[in-house]
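Please open the model in a viewer and keep the sequence panel visible. The tour below proceeds by selection, with a description of what is found at each stop.

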Amino acid sequence: MERSSDPQAGDAAADTPAAATAISAHVEEIERLRGRLRATEREHAEVQAALAELQLRLESEAPQCNQFPAGCCTVDADGHLSFVNRAAMQLLGLTSAKPGQRKFASLFGKEAQTDLADFLARVFAGEAGCSCELALAPNRRRERRVLLLLGQAGGDIRQCHLALLDISRRKRTEQREQARSKVLELLASDAALREILEAIVLGVESSDGNARASIMLLDRRGDRLFTGAAPNLPDFFCESINGMDIGIGQGCCGTAAFTGKRVVAENIALHPYWRNWSEVAERAGLAACWSQPIPGASRKILGAFAVYYPYPHQPTSDDLWSIEEAARLSSIAIERHRDAEALRASEERWKFAIDGSGDALFDWDIGSGSIFLSPRWYDMFGYPQNAFGDVLGEWRRRIHAEDIEAVMECLERCLDGNIDNYVAEYRLRCRDGNWKWTLARGLVVSRHNDGSAARMIGTQSDISERKRMEDELRELATTDVLTGLANRRRFIERISEEHARLQRDDGLKAAVLMLDLDHFKKVNDRFGHAVGDAMLVHFTGILRGQLRRFDTAGRLGGEEFAVLLPGASIAAARSFASRLRRAVESAPLGYKGQNVGMTVSIGLSSIDPGDPGSDTSLLRADAALYEAKSAGRNRVVVARNDA
Ligand SMILES: Nc1nc2c(ncn2[C@@H]2O[C@H](COP(=O)(O)OP(=O)(O)OP(=O)(O)O)[C@@H](O)[C@H]2O)c(=O)[nH]1
């Protein structure tokens, strides 16, 4: 298999670390299998050559067999060894080339007996080209396996000549590779850390039945070791070293984790680093220990890998390669686990922050157009989860017509890179048809080389309540509390707006009235302030009754009011004022069964676009009001320049 040449496929793979790891594991696996194939082919060629030689010379020139690199032996039909060459002697641990009455089967382990019997039966039945892989009888040292190949059966099938080949190393390599593949598969499938670490330990143990291994992990503070995996070490031993401090003299693992260097204790009983644990190690049947520190990506030590043997023992270069490899794999597994944990923690913090705030979340992949809306988003606006196919289109369709232009402008400026953040307040239509005020905040988290946005994430909050309170506050700030009319500030604003409108458009006109209740002080004095207030409210009711939709009435203070009549000529304003005056005069305030009469004096003026200030007309109307008061009250006076 080759890597895909499709760049899209390459990117996709790189985007998923698990897939990338799996691919590189497969590529490595293929390379290893090729290597094994080559080694096996070499071995076979060697054995075939030995067999050919053997067939030619065995009977007549037995001593020359000793020159063969491969082992040769002759086995009788009754299963006794009648001849072994030097290489076979070495391999089988024999001291004599003519082992006499030695049973061939006695050289092999218990599990090998059935296979051996079957092999010999086939050989003596005359089957050509038989072969068989068997484990030799265990001694205290490492396990050894041999490959038996039939060289030649005797003419009368009373004896057979066999070639023997030590395949222990190849077997170990095969087992290690299988174990390695298993670990890589587990890594690629995001298996639990413990499972991966156990697979690493079992992999090392599988290449030698005498080995026991463990992985100790350094705690977050970096000063104590805890068992990460030790499936085949006795529990009492694991417990005795669990939580050990690291430092020089703290066994092999504690020292290796502290110094960052490999530590080999060929004989635990004699090694100074094992002084505190030599007894428990002996009880556990452990006589040798080699420990390899597990380095992290930033060279920070993550823990230590250790392999133990039941007999004093020094590592070969092959053994060292094996524990280094185990430490490397452990490092990958631990780092990945920590990264995943950190990611999970940060995702949880992020989720907590989002959920806690009650905000909805959006994640927009601008290139593909796909938008993720969090469940809270749909809840907020009352839609079923994932209700939208075309999320962008559905979202746009629901924005209030008065807001959409500002929203889209802000969004586009942010996507183009003109502004950093997208922040927009707008109304969005809920499923029940009501509008909700919402605040959207977005951040472009990745851009293309040309600066255009590739991905934006953001939040959306329901700000309807805040908007309602703002409206209330605005209302309060511009409204007279007692009468609900515009207050002085708001009324002056309205006059200014109207003045500006007249200045913009020549053909328009407008008038302003100043109104003041007559002898209001007397009402207060006679009936009290509360009745005075009631009279102000009563007057306001009458006034409202006379107003058109676009007129504005305001209370400027005390018993002083003003009215703006947009579009009104002086004549129309005078007739409005007279109507109002009469209505007030004819509608006294009822109080405790009696009528408290009231009248109002009114001064009025047109609003002139040429006035220097927007309140000039108000001053003219005020002057006219003064005249009305002076002239005896309860009357309407038009300002002089309008008269
Ligand atoms: N009840 C009540 N009285 C107010 C309020 N604001 C001002 N006043 C009173 O209104 C009265 C205004 O009296 P003046 O300015 O003398 O005017 P007036 O008595 O109406 O006399 P003319 O305007 O000349 O007809 C004062 O007694 C103020 O205390 C208010 O909100 N409620």
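## Stop 1: Helix α19

The model is a predicted one. Begin by selecting residues 616-630, which form helix α19: its 15 residues reach 21 Å from the first C-alpha to the last, close to the 21 Å expected at 1.5 Å a residue. Colour the buried residues of this helix next; they are T616, S617, L618, R620, A621, A624, L625, A628 and K629. What covers them includes one helix, α15 (488-504), and the strands β17 (510-517), β19 (560-566), β22 (600-606) and β23 (636-638). Just after α19, select G632, which takes a positive phi of about 120 degrees.

## Stop 2: The whole chain

Now zoom out and display the full chain, in which there are 19 helices and 23 strands. Of its 643 residues, 45% count as buried. Among contacts between residues at least 6 apart in sequence, 56% join residues at least 24 apart.

## Stop 3: Rings around F237

Show the aromatic side chains, among which 14 aromatic pairs are counted. Select F237 and W274 for a stacked pair, 6.4 Å centre to centre with 15 degrees between the planes. F237 lies in helix α7 (residues 235-241) and W274 in the loop between β9 (263-265) and α9 (278-283), so this pair ties together parts that are 37 residues apart in sequence. F237 has 0% relative accessibility and counts as buried; W274, at 2%, counts as buried as well.

Keep F237 selected and add Y308. The ring centres of F237 and Y308 are 5.4 Å apart and their planes stand at 85 degrees, so the pair is edge-to-face. Because F237 lies in helix α7 and Y308 in strand β11 (residues 301-309), the pair ties together parts that are 71 residues apart in sequence. Both F237 and Y308 are buried.

Is E239, which is also found in helix α7, buried or exposed? With a relative accessible area of 60%, E239 is exposed. Select T227 together with E239: the two are 12 residues apart in sequence and 8.6 Å apart in space, C-alpha to C-alpha.

## Stop 4: Further rings

Select W377, Y378, F381, Y383 and F388, which ring pairs link into a cluster. Then turn to two places where a charged end sits over a ring. R283 has its charged end over the ring of F236, 4.3 Å from the ring centre. The charged end of K467 lies over the ring of W437, likewise 4.3 Å from its centre.

## Stop 5: Helices α5 and α10

Select residues 168-188 for helix α5 and residues 317-357 for helix α10; the two pack at an angle of about 5 degrees, with their axes 11 Å apart. The helices α5 and α10 are therefore roughly parallel to each other. To view the contact, show R169, R172, R176, R180, V183, L184 and L187 in α5, which meet D318, W321, S322, E325, L329, I332, A333 and R336 in α10.

What span should the 41 residues of α10 have at 1.5 Å a residue? The expected value is 60 Å, and the end C-alpha atoms of α10 are 59 Å apart, which agrees. Finish at G358, just after α10, where the residue takes a positive phi of about 75 degrees.

Technical notes: Residues are numbered from 1 along each chain as its sequence is written. This is a predicted model: local features need pLDDT of at least 70, side-chain atom pairs count only at pLDDT 80 or more; totals for chains, interfaces and linings use all residues. Side-chain values use heavy atoms; hydrogens and water are left out. Helices (H or I, at least four residues) and strands (E, at least two) are DSSP runs, numbered from the N terminus. The expected span of a helix is 1.5 Å times one less than its number of residues. Buried means under 20% relative accessible area, exposed over 50%, partly exposed in between (1.4 Å probe, protein chains only). Contact means heavy atoms within 4.5 Å. Rings of Phe, Tyr and Trp (its six-membered ring) pair if their centres lie within 6.5 Å; planes under 30 degrees apart count as stacked, over 60 as edge-to-face and the rest as tilted. A charge sits over a ring if NZ of Lys or CZ of Arg is within 6 Å of the ring centre and within 35 degrees of the ring normal. Axes are lines fitted to C-alpha atoms, for helices over the stretch in contact, and angles run from 0 to 180 degrees between N-to-C directions. Angles under 35 degrees count as roughly parallel, over 145 as roughly antiparallel, 65 to 115 as roughly perpendicular and the rest as oblique.
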